[in-house]
Amino acid sequence: MPPVAVHTLGRLDVRAADGRVLDALLAQPKRCAVLAYLLLGVPAGGFVRRDVLLAVFWPESDADRARNSLRQAVHFLRRELGPGAVVARGPEELGVDPATVWCDARALDAPLDAGGDEAARALDALWRGPLLPGFT
């Protein structure tokens, strides 16, 4: 398993490889939401344009303030999750390295696509409740 595990099904939980809960991250709802968007808002290993993140998370801010907020959020995520967790593709796109950050909902993609017994086993192993309950 990668160094960081993010559980989005049921209560949000983020843990380092040693099982330690990353409380500093969990105490930052907007930064958790940015992480969740990077993990789940695009195909696995995909990228999101920075301007999309700015519009989703800082719509009320002017461009400079919003870019600064995003820069701070990315810096914080890299510090908490490891420097290779949030990756850039060029200057305008961000994503999450699936080799560095594992996500329960993402881990269901392939088994659910396969269907049958594999899907049932994956659901039994990973299902803890609805996706990100309480997040708005």
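## A tour of the largest pocket and three helices

The largest pocket has a volume of about 180 Å³. The model is predicted, and the tour begins at this pocket.

**Stop 1: the pocket.** Select L39, A44, P98, V101 and R106. Of the 15 residues that line the largest pocket, these lie closest to its centre. Next, colour α2, β6 (101-103) and α5 (104-107), the elements that give two or more residues each to the lining. Which element gives the most? That is β6, with 3 residues. By class, the lining is made up of 11 nonpolar, 2 polar and 2 charged residues.

**Stop 2: α2 against α3.** Keep α2 (residues 29-40) on screen and add helix α3 (residues 50-57). Their axes come within 12 Å and cross at roughly 135°. Angles of 65 to 115 degrees count as roughly perpendicular and those over 145 as roughly antiparallel, so α2 is oblique to α3. The crossing of these two helices is right-handed. To see the contact, show side chains for K30, A33, V34, Y37 and L38 on α2, and for V52, L53, V56 and F57 on α3. By class, this contact has 8 nonpolar residues, 1 charged residue and no polar ones.

**Stop 3: α2 against α4.** Leave α2 displayed and bring in helix α4 (residues 63-81). Here the axes are 10 Å apart, and the packing angle is about 80°. That angle makes α2 roughly perpendicular to α4. On the α2 side, select R31, V34 and L35; on the α4 side they meet Q72, A73, F76, L77 and L81. The classes in this contact are 6 nonpolar, 1 polar and 1 charged. Pause on V34 of α2: it belongs to the contact with α3, and it also takes part in the contact with α4.

**Stop 4: α3 against α4.** Now hide α2 and look at the remaining pair. How do the axes of α3 and α4 cross, and within what distance do they come? They cross at roughly 100° and come within 10 Å. This makes α3 roughly perpendicular to α4. Select R50, L53 and L54 of α3 together with A66, R67 and L70 of α4, the residues that make the contact. By class, there are 4 nonpolar and 2 charged residues, with no polar ones. L53 of α3 is worth a second look: it contributes to this contact with α4, and it is also listed in the contact with α2.

**Last view.** Show α2 once more with the pocket. α2 is among the elements that give two or more residues to the pocket lining, and it also packs with α4.

Key
Residues numbered from 1 in each chain as written. Predicted model: local features only at pLDDT ≥ 70, side-chain atom pairs only at ≥ 80, totals over all residues. Heavy atoms only, no water. Axes fitted to C-alpha atoms, helices over the stretch in contact; angles between N-to-C directions. Helix = DSSP H or I, 4+ residues; strand = E, 2+ residues; numbered from the N terminus. Parallel < 35°, antiparallel > 145°, perpendicular 65-115°, else oblique. Left-handed = near helix turned anticlockwise from the far one by under 90°. Contact = heavy atoms within 4.5 Å. Nonpolar A, V, L, I, M, F, W, Y, C, P; charged D, E, K, R; others polar. 1 Å grid on protein atoms, 1.4 Å probe; cavity = no way out; pocket = protein on both sides within 12 Å on 5 of 7 lines; lining within 4 Å. Points joined across faces, edges and corners; volume = space filled by probe spheres on them.
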